Amino acid sequence: MKAVGRSLPLPITDPDSLQDLELPKPVPQERDLLVQVKAVSVNPVDTKIRRSQLTDQEESTPRVLGWDVAGVVKSVGAQVSLFQSGDEVYYSGSLIRSGGNCEYHLVDERLVAKKPASLTMEQAAALPLTAVTAYEALFDRMGISQQGESAEKSILIIGGAGGVGSLAIQLAKIAKLHVIATASRPESQAWCRKMGADDVIDHTQSMPPQLQKLHRPMVEYIFNTSHIDHYWKIMGEIIMPQGRICGIVESSGSVDLNVLKSKSATFVWEFMFTRSMYQTEDMIEQHHLLTRIAEWVDSQQIQSTLAKTLSPINSANLRQAHATLESGRMVGKLVLAGWDS
Ligand SMILES: NC(=O)c1ccc[n+]([C@@H]2O[C@H](COP(=O)([O-])OP(=O)(O)OC[C@H]3O[C@@H](n4cnc5c(N)ncnc54)[C@H](OP(=O)(O)O)[C@@H]3O)[C@@H](O)[C@H]2O)c1
């Protein structure tokens, strides 16, 4: 089968940074689905892993990247109970297994859901990784109520037009929060409004005066999809007493937790691969939450965040996609679809 992988940690301008491969078709075991991959999306995690040092195993075998897939189940392992051959599915998968940039991919059924029926494969592939991240951040980590008990409270979403921010805005609106998103350019600001943000402020300008203008000088929740240390001090100033802050990007240095003490504010991490990486007992929650996301999509409460599609899935198009992501200026999601015959 066709696949795309990396053999060496190279800059994306190097034509060998991602390579077309021919690999054996894998065989599903236990709770695995064998999925025929129709479309994939690209995330910053792909670019980070592409640039990372090789592990011992990767010295001899190229690593296939890709953690956003939409496709069709072709066969199932003996212990599979949630899916059958022919099901159209979408998922992110596991960082400790081979990624989805390949024609046939193995994934544990507990990380998978039926794809939203109203979306194309391309539109569906744009969603899973960012949807899992935003869902877990808002509902599992910060404890925001889906039933409206957090209604009218304010959330600041730093980096609102990125892949994760685009889903976070929409999920926060489902929870009836007042959403203030940050974006620095006219097109990213317009995208945040399209996703449903009530207000948009500019993260390249001082945030407290912009929040004061909105008559919301402090917010109950902050979801920071950008660098923690860069915004640490300011988050301490604008978080409401007893408020909650969630981060998803590791700090490049240490941060001072004391900043949050007088306000009894909480800081919590979200890492969307925690459940699959540690095989937690509640790993199946990702099946449930992606199913819920699909229901919200099909009832038009969530829109796809697909912004651009490249075709086919090959190393040249994936290099172009990585380069776009590495610019740090992505708005919505970039998807690759189809394979050359
Ligand atoms: N922990 C996890 O589970 C997890 C999951 C997914 C992603 N992540 C990480 O989260 C980060 C965001 O992911 P993503 O998929 O949303 O990325 P993305 O789509 O590439 O984000 C692009 C957006 O980032 C915004 N941005 C750039 N610099 C910024 C800054 N200094 N402050 C605020 N916003 C800024 C840009 O907005 P403007 O153009 O308007 O400036 C742009 O719209 C990445 O580092 C990724 O690795 C972590």
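This is a short tutorial dialogue on reading a predicted model.

Me: Where should I start, and how many helices and strands does the chain have?
Reply: Start with the secondary structure: there are 11 helices and 16 strands. Then turn to overall compactness. The radius of gyration is 20 Å, close to the 20 Å from the globule rule for 341 residues, so the chain is as compact as a globular protein of that length. Its C-alpha atoms fill a box of roughly 60 × 40 × 35 Å along the principal axes.

Me: What share of the residues counts as buried?
Reply: Burial is judged by counting neighbours; a residue needs 20 or more other C-beta atoms within 10 Å of its own. Here 47% of the 341 residues pass.

Me: Which domains is the chain divided into?
Reply: Domain 1 covers 2-127 + 274-337, and domain 2 covers 130-269. Their centres, taken over C-alpha atoms, are 27 Å apart. Across the boundary, 15 residues of domain 1 are in contact with 14 residues of domain 2. On the domain 1 side, helix 10 (residues 285-298) gives the most, with 5 residues. That side divides into 8 nonpolar, 6 polar and 1 charged.

Me: Which residues come nearest to the ligand?
Reply: Of the 31 residues around the ligand, those are Pro44, Gly159, Gly162, Gly163 and Ser188. Helix 1 (44-51), helix 4 (128-141) and helix 5 (163-174) each give two or more residues to this shell.

Me: How does the shell around the ligand divide by class, and which domains does it draw on?
Reply: By class, the shell has 14 nonpolar, 14 polar and 3 charged residues. Domain 1 and domain 2 each supply at least three of its residues.

Methods
Residues numbered from 1 in each chain as written. Predicted model: local features only at pLDDT ≥ 70, side-chain atom pairs only at ≥ 80, totals over all residues. Near = placed C-beta within 6 Å. Helix = DSSP H or I, 4+ residues; strand = E, 2+ residues; numbered from the N terminus. Nonpolar A, V, L, I, M, F, W, Y, C, P; charged D, E, K, R; others polar. Domains from an automatic or database assignment. Rg over C-alpha atoms; globule rule 2.2 N^0.38 Å. Buried ≥ 20, exposed ≤ 12 C-beta atoms within 10 Å, placed from the backbone. Contact = placed C-beta atoms within 7 Å.
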